[in-house]
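Please open the model in your viewer and follow the stops below, selecting each part as it is named.

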Amino acid sequence: MSNKPHWTLDSIPWNELRRERVAHSEELFYMVAGASFIETTSDLYTRNLVRHFADNAEVSEWLEQGWEPEELQHGRALREYVRHAWPEFDWEAQYANFLADYSALCKPEMLLPERSLELVSRCVVEMGTASYYTALHHASSEPVLAQLTKHIFEDEVGHYKYFYKYFRQYRDIENTSRTQVLGALWHRLKVIEDEDSYIAIKHVHSTRHPGQPYDKAVYKESMGRIRKLAGKHIPHRMSVNMLLKPLDMAPLARRVLQPMMEGMARLVA
Ligand SMILES: [Fe+2]
Ligand SMILES: [Fe+2]
């Protein structure tokens with residue numbers, strides 16, 4: 001494992017950014033700014049995870065030296081993109097508001113006590129981000145955003161592979177059943193839908209619509225618009241495969257479960 005990221009903020013050609021292709025789009029702004037908030041906050045989650053795996057040198061080393069620096073770099077790069085594309089947005093001020101809300105969710109007790117299940121739920125998150133950046137990649141014709149989202153997508157797939165590898169080790173140690181895995185997958189998909197996105201959209205919405213109240217209905221309306229723009233670019237087959245993989249099923253059972261998983265993948269999409 002290398003400590004050095006394979007791409008850097010300096011390797012992104014910021015001066016080639018075609019602002020006119022994104023500046024008008026509230027949906028793209030929500031997608032990029034919202035993601036920049038969540039990625040920037042990765043260290044809160046890493047800290048809890050490292051503590052959870054303190055007795056496993058390999059896992060905690062990867063979390064601290066592989067995963068966390070890459071996630072934080074995603075946050076920095078997306079924030080830089082926001083600065084170029086939407087310079088009127090006061091990123092620091094809004095991030096402070098977001099952090100106050102979001103950090104309440106990142107408590108150690110939010111982690112699943114069975115380590116195999118926590119690892120498989122991280123696979124769901126990485127599947128979600130890989131799908132998200134694929135959709136964002138295709139949702140605009142802006143070349144710098146396309147390049148950036150491709151880099152991030154590749155990192156997220158790499159993260160999935162590590163979490164999956166460690167999940168398999170702990171599944172054998174903890175004798176985790178398929179039903180438990182399915183429960184953890186479902187639980188994590190619901191958390192992404194109900195909490196992470198809701199809070200991220202809240203703090204980007206308030207700058208576009210100052211003084212307007214924010215509730216579930218506003219959130220649903222915003223998500224509806226985002227879905228209209230980017231939903232058709234969600235790589236459903238890839239998402240379903242990433243969800244099914246940890247269940248390690250025979251081909252027949254896999255076929256039976258496939259429609260249910262597609263429904264779950266659509267939910268998170
Ligand atoms: Fe990320
Ligand atoms: Fe990731």
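Colour the whole chain by burial to begin with: in this predicted model, 38% of the 269 residues count as buried. Switch to a cartoon view next, and you will find that the secondary structure comes to ten helices and zero strands, so that the order of elements from the N terminus on reads α-α-α-α-α-α-α-α-α-α.

Now show the C-alpha trace alone and turn it along its principal axes, where it spans about 55 × 40 × 35 Å. The radius of gyration of the chain is 18 Å, which agrees with the value near 18 Å that a compact globule of 269 residues would have. If you display contacts between residues at least 6 apart in sequence, 81% of them join residues at least 24 apart.

Select residues 115–139 next, which form helix α5. This helix has 25 residues and reaches 36 Å from its first C-alpha to its last, close to the 36 Å expected at 1.5 Å a residue. Why can α5 be described as largely enclosed by the rest of the structure? Because 23 of its 25 residues are buried, that is, each has 20 or more other C-beta atoms within 10 Å of its own.

Keep α5 in view and add the largest nonpolar core, a set of 62 residues in which M31, V32, Y81, V120 and C123 touch the most other members. The largest share of this core, 13 residues, comes from α5.

Finally, centre on V32, one of those five core residues; once its neighbours within four places in sequence are set aside, V32 is in contact with L78, Y81 and V82.

Definitions and conventions. Residues numbered from 1 in each chain as written. Chains lettered and ligands numbered in written order. Predicted model: local features only at pLDDT ≥ 70, side-chain atom pairs only at ≥ 80, totals over all residues. Helix = DSSP H or I, 4+ residues; strand = E, 2+ residues; numbered from the N terminus. Expected span 1.5 Å × (residues − 1). Buried ≥ 20, exposed ≤ 12 C-beta atoms within 10 Å, placed from the backbone. Core = buried A, V, L, I, M, F, W, Y, C linked by C-beta atoms within 7 Å. Contact = placed C-beta atoms within 7 Å. Rg over C-alpha atoms; globule rule 2.2 N^0.38 Å.
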